[in-house]
Amino acid sequence: MSEPIEADSHNEDLVVVGSSAGGVGALSTLVSTLPKSFPAPLVIAQHLDPQRPSHLGSILERRTVLPIVVVSENPPTKLERGKIYVVPSNRHVKIVDGHVHLEGDHAERPKPSVDILLSSAAQSYGEHLIAVVLTGSGSDGAAGAVDVKNGGGVVIIQNP
């Protein structure tokens with residue numbers, strides 16, 4: 001059984017992934033390479049049609065040995081090593097004190113906003129954050145990537 005991350009713990013790592021709607025193939029490839037002993041939680045936010053239910057959790061579940069957790073509203077979801085957290089299509093998400101918090105609207109941002117996810121994770125995890133941005137046609141994720149770098153974290157961007 002994996003151990004939960006303690007709030008404000010800065011000796012634990014976190015991996016966050018932001019993806020455009022067309023990134024299912026890249027996400028599938030990514031999660032299929034992760035070993036059962038993966039030492040960090042991984043949070044995935046993919047742009048999807050907010051009017052349609054997401055099947056991303058069930059798609060990824062067939063491609064990984066790690067448990068998939070589809071994030072729900074209440075209570076906030078506590079992050080645990082070796083689990084993959086999938087954000088619902090119609091919500092924004094923040095990482096605060098070792099938990100995933102779902103949020104409502106933020107102006108005209110695509111849902112879920114990769115910038116909001118990366119920026120909040122950078123505040124909580126700093127140099128213990130690895131952010132992966134899978135390319136798309138928009139700029140969502142660019143400002144968040146800057147926050148990750150400024151906080152000492154690592155940013156990996158897919159080469160299109």
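Colleague: Which residues of α3 are buried?
Modeller: Keep in mind that this is a predicted model. Helix α3 runs over residues 114-125, and eleven of its twelve residues count as buried, meaning under 20% relative accessible area. Those residues are V114, D115, I116, L117, L118, S119, S120, A121, A122, S124 and Y125.

Colleague: What do the buried residues of α3 pack against?
Modeller: The helix is mostly covered, and its buried residues have both strands and a helix as packing partners. The helix is α4, residues 142-150. The strands are β1, β2, β6 and β8, so with the helix the full set is β1, β2, β6, β8 and α4.

Colleague: Which residue caps the N-terminal end of α3?
Modeller: Look for a side-chain oxygen at the start of the helix. One lies 3.3 Å from the backbone nitrogen of D115. The residue it belongs to is S113.

Colleague: And at the other end, which residue follows α3?
Modeller: Helix α3 takes in residues 114-125. The residue that follows has a positive phi, near 50°. That residue is G126.

Colleague: Is β8 mostly covered or exposed, and which residue there is the bridge partner of V16?
Modeller: Strand β8, residues 129-133, is mostly covered, with four of its five residues buried. Strand β1 (residues 14-19) pairs with β8 in the parallel sense over five bridges. In β8, V16 has as its bridge partner A131.

Colleague: Which residue in β9 stands opposite I130?
Modeller: Strand β8 also pairs with β9 (residues 154-157), in the parallel sense over four bridges. Opposite I130 in β9 you'll find V154.

Colleague: Which strands stand at the edges of the open sheet?
Modeller: That sheet has three strands in the order β4-β7-β6, paired antiparallel. Two of them each have a single partner strand, so one side of each is left without a neighbour in the sheet. The edge strands are β4 (77-78) and β6 (92-96).

Colleague: In β7, which residue is the bridge partner of H92?
Modeller: Strands β6 and β7 (residues 99-103) pair in the antiparallel sense over five bridges. The β7 partner of H92 is E103.

Colleague: Over which residues is the pLDDT below 50?
Modeller: Across the chain the mean pLDDT is 85, and 83% of the residues reach 70 or more. One stretch falls below 50, though in the model it has 20 contacts beyond near neighbours in sequence. Where pLDDT is low, the predicted coordinates shouldn't be read in detail. The stretch in question is residues 1-10.

Definitions and conventions
Residues are numbered from 1 along each chain as its sequence is written. This is a predicted model: local features need pLDDT of at least 70, side-chain atom pairs count only at pLDDT 80 or more; totals for chains, interfaces and linings use all residues. Side-chain values use heavy atoms; hydrogens and water are left out. Buried means under 20% relative accessible area, exposed over 50%, partly exposed in between (1.4 Å probe, protein chains only). Helices (H or I, at least four residues) and strands (E, at least two) are DSSP runs, numbered from the N terminus. Two strands pair if DSSP finds at least two bridges between them. The expected span of a helix is 1.5 Å times one less than its number of residues. Contact means heavy atoms within 4.5 Å. A polar contact is a pair of N or O atoms within 3.5 Å; within protein, one must be able to donate a hydrogen and the other to accept it, and residues adjacent in sequence count only if both atoms are side-chain atoms. pLDDT is the predictor's confidence in each residue, from 0 to 100.
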